Amino acid sequence: MIDDATAPVCAICHNALYEHELTHQACRPCTDRIDQQLSALAGPDGLYARLTDSLHPGSGSGGPVVSGSRTAPLPLRLDPLSLAARGGVVTVLQTWLIDWHDLLGYRHPRWDGDLQQQLDQVVGRLRVLLPWAAEEHGAISEFAGEVAQLRRQCEAATGGERGPRRFGVTCPCGATLKITIESPGKHCDRCGAQYDRRALFDLQLSERRAA
Ligand SMILES: [Zn+2]
Ligand SMILES: [Zn+2]
């Protein structure tokens, strides 16, 4: 006997669970979505690899992530860096895997290789254990939220599927220049001023005006 107020719902989308999954934490569509977001991060063409590439324009080598930049990094450039470095995407996912292994009574997971290899390993392992987590893990909605956020942040930092977020800066002439964090420079059509990348990001952000 289950009344509406106590009928089990998915911890993520809060829709009622199907009969065969009443004891689960998360419904099937939510579990599938997490799986897709995890797999989008991994592999040679995944978001994490593209994130690392975006830190090394013109360099195809898998060298260290943080060294050797020829110019001082612009503040807006720090976002992909902090996502790609230790402590970013890889560490967040490894922290979840450690938690899952703990709950399952497994040994502490091992990490091998560079950060890309570790990312691929941890994603593979989380995907294997995801069906268990969807059934049993009390914090599955927090996990889903963090995976979705990592994916969004990586997409925003790499240009992703939707492209980098556009925003406006104000030329001293009063014109608004539409740019993204990847704009190499910009020409003001009204007054003719030419801005290189650094000058562009020194301009004042435009306030969003109601249309
Ligand atoms: Zn759901
Ligand atoms: Zn101008």
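## Strand partners of V169

V169 faces L177 of β2 across the sheet pairing. V169 also has a bridge partner in β5, namely L205. The model is a predicted one.

## The three-stranded sheet

Three strands make up an open sheet in the order β2-β1-β5, and the pairing is antiparallel. The edges belong to β2 and β5 (204-205), which each have a single partner strand, so one side of each lacks a neighbour in the sheet. The β1 to β5 pairing is antiparallel and rests on 2 bridges.

Strand β1 covers residues 167-170, and its antiparallel pairing with β2 has 4 bridges. One of the bridge pairs joins T170 to T176 in β2. The two strands form a hairpin, with 5 residues between β1 and β2. In the turn, G174 has a positive phi of about 105°.

## Two faces of β2

Which residues of β2 are buried, and which are not? The strand runs over residues 176-179, and its side chains alternate. L177 and I179 point to one face and are buried. T176 and K178 point to the other face and are not buried. This is the general pattern: side chains in a regular strand alternate between the two faces of the sheet.

Two of these residues also appear in the pairings above. L177, on the buried face, stands opposite V169. T176, on the other face, is the bridge partner of T170.

## Overall layout

The chain contains 7 helices and 5 strands. In sequence order the pattern is α-α-α-α-α-α-β-β-β-β-α-β. The chain has 211 residues, and 24% of them are buried. Among contacts with a separation of 6 or more, 55% are between residues 24 or more positions apart.

## Helix α1 and its cover

Helix α1 spans residues 28-41, which is 14 residues. From first C-alpha to last, α1 reaches 20 Å. That is close to the expected 20 Å at 1.5 Å a residue. Just after the helix, G43 adopts a positive phi of about 90°.

The buried residues of α1 are C30, T31, I34, L38, A40 and L41. What covers them? The cover includes α2 (47-54), α4, α5 (115-136) and α6 (140-158).

## Where α2 meets α6

Two of the covering helices, α2 and α6, also meet each other. Their axes come within 9 Å and cross at roughly 35°. The crossing of α2 past α6 is left-handed. On the α2 side, the contact is made by L47, Y48, R50, L51 and S54. On the α6 side, R151, C154, E155, A157 and T158 take part. By class, the contact has 5 nonpolar, 2 polar and 3 charged residues.

## Q118 in α5

Q118 lies in helix α5. Is Q118 buried or partly exposed? Q118 has 18 other C-beta atoms within 10 Å, so Q118 counts as partly exposed; a buried residue needs 20 or more.

Setting aside neighbours within four places in sequence, Q118 is in contact with V90, W111 and G113. A42 is 76 residues from Q118 along the chain, and the C-alpha atoms of the two are separated by 9.8 Å.

## L104 in α4

L104 belongs to helix α4, which runs over residues 89-104. L104 is partly exposed because 13 C-beta neighbours lie inside 10 Å. The cut-off for an exposed residue is 12 or fewer. L104 and L129 are 25 residues apart along the chain, with their C-alpha atoms separated by 9.9 Å.

Notes:
Residues are numbered from 1 along each chain as its sequence is written. Chains are lettered from A and ligands numbered from 1 in the order in which they are written. This is a predicted model: local features need pLDDT of at least 70, side-chain atom pairs count only at pLDDT 80 or more; totals for chains, interfaces and linings use all residues. Two strands pair if DSSP finds at least two bridges between them. The expected span of a helix is 1.5 Å times one less than its number of residues. Two residues are in contact if their C-beta atoms, placed from the backbone, lie within 7 Å. Axes are lines fitted to C-alpha atoms, for helices over the stretch in contact, and angles run from 0 to 180 degrees between N-to-C directions. A crossing is left-handed if the near helix is turned anticlockwise from the far one by less than a right angle, and right-handed if clockwise. Ala, Val, Leu, Ile, Met, Phe, Trp, Tyr, Cys and Pro count as nonpolar, Asp, Glu, Lys and Arg as charged, and the others, Gly among them, as polar.
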